[in-house]
Amino acid sequence: MFMRRFRGESLHKVDSKGRVSIPAQFRRVLEEGDPDFKSGINPSCVLVHNQKIKRCLEGYSISSINEVDDLVSELPRYSREREILERMLNAQSSYAQIDDNGRLVLSFKLRNLIDVDTEAIFIGMGDKFQVWEPSAYYEDMEQINREFDMFENENNPFNLLHPTKSLAK
């Protein structure tokens with residue numbers, strides 16, 4: 001089955017109550033990825049909010065976070081690695097439901113964690129999305145560009161992708 005993916009960047013205003021519009025194309029991905037979604041019911045997502053090295057929230061559709069949970073469940077039950085991942089992905093996350101106006105409510109705690117005040121930028125990451133304070137995102141993107149520029153052609157990260165089918169015909 002074809003599954004839409006989160007793609008693109010989209011800047012949005014955040015009101016004083018923490019409400020922020022989710023890009024329309026992101027809402028379609030959340031709808032497809034929510035097994036409980038049907039017309040008249042708003043989709044849900046999961047926001048992971050304790051990223052040690054990132055200053056953003058990571059949002060997952062219900063089906064995407066279930067896939068991540070399945071991967072974590074494959075680790076030995078009482079291993080420290082599994083406990084760390086379960087804590088980071090489950091205890092440090094929250095369910096969020098999109099409202100009738102296509103908005104997500106970012107609590108004061110979540111806004112504080114990522115320094116969001118009046119604007120937030122949504123970043124598509126394929127099977128997840130990120131929510132950043134805009135200047136922090138642009139700074140992180142500059143760092144990614146610098147790191148990418150340091151790769152020699154033969155070590156370019158795109159070379160890690162091994163298509164199973166040739167795209168050229």
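Which residue's side chain meets that of arginine 28 in a salt bridge? The partner is glutamate 31, with N to O at 3.0 Å. Keep in mind as we go that this is a predicted model. Arginine 28 and glutamate 31 sit three residues apart in helix α1, so about one helical turn separates them. As for solvent, arginine 28 has 32% relative accessibility, and because that falls between the 20% and 50% cut-offs, arginine 28 counts as partly exposed.

Let's stay with charged pairs for a moment. A search of the whole structure turns up 10 salt bridges. Another of the helical kind joins arginine 87 and glutamate 83, whose side chains meet at 2.9 Å, N to O. Both residues belong to helix α3, which covers residues 80-91, and they are four residues apart, about one turn of the helix. Arginine 87 has a relative accessible area of 49%, so it is partly exposed. Glutamate 83 is partly exposed too, with a relative accessible area of 32%. The story doesn't stop at two residues, though: Arg80 joins Glu83 and Arg87 in a network of salt bridges.

Now for a pair that reaches across the sequence. Glutamate 119 forms a salt bridge with lysine 13, and their closest N and O atoms are 3.3 Å apart. This one links distant parts of the chain: lysine 13 is in strand β1 (residues 9-13) and glutamate 119 is in strand β7, 106 residues apart. What about their exposure? Lysine 13 is at 60% relative accessibility, so it counts as exposed, while glutamate 119, with a relative accessible area of 27%, is partly exposed.

Time to head inside. The largest nonpolar core has 21 residues, and those touching the most other members are Cys45, Leu47, Leu104, Phe129 and Val131. Four elements, α1 (24-32), β3, β7 (119-124) and β8 (128-132), each supply at least two residues of this core. Helix α1 gives the largest share, three residues. So the helix that carries the arginine 28 and glutamate 31 pair also feeds the core. Take leucine 104 as a way in: setting aside residues up to four places away in sequence, leucine 104 touches Gly18, Arg19, Val20, Ile22, Cys45, Leu47, Ala96 and Ile98. Apart from this core lies another, of eight residues, including Val46, Val48, Val68 and Leu89.

Just past β3 is a residue to pause on. Where does histidine 49 sit? Its place is in the loop between β3 (44-48) and β4 (56-61). Despite the loop setting, histidine 49 counts as buried, because its relative accessibility is 9% and the cut-off for buried is under 20%. The side chain of histidine 49 reaches the backbone nitrogen of serine 93 at 3.4 Å. Leaving out neighbours within four places in sequence, the contacts of histidine 49 are Leu57, Gln92, Ser93, Ser94, Lys109, Leu110 and Leu113.

Finally, back out to the surface. Here Phe148, Phe151, Phe158 and Leu161 make a nonpolar patch of about 430 Å². One of these, phenylalanine 148, is found in helix α5, residues 134-149. Phenylalanine 148 has 33% relative accessibility and therefore counts as partly exposed.

Technical notes. Residues numbered from 1 in each chain as written. Predicted model: local features only at pLDDT ≥ 70, side-chain atom pairs only at ≥ 80, totals over all residues. Heavy atoms only, no water. Buried < 20%, exposed > 50% of the residue type's maximum accessible area, 1.4 Å probe, protein only. Polar contact = N/O pair within 3.5 Å; in protein donor to acceptor, adjacent residues only side chain to side chain. Contact = heavy atoms within 4.5 Å. Core = buried A, V, L, I, M, F, W, Y, C linked by side-chain atoms within 4.5 Å. Patch = residues over 30% accessible without salt bridge, like charges linked within 9 Å, V, L, I, M, F, W, Y side chains within 5 Å. Areas by Shrake-Rupley, 256 points an atom, 1.4 Å probe, with all protein chains shown as cover. Salt bridge = Lys/Arg side-chain N within 4 Å of Asp/Glu carboxyl O.
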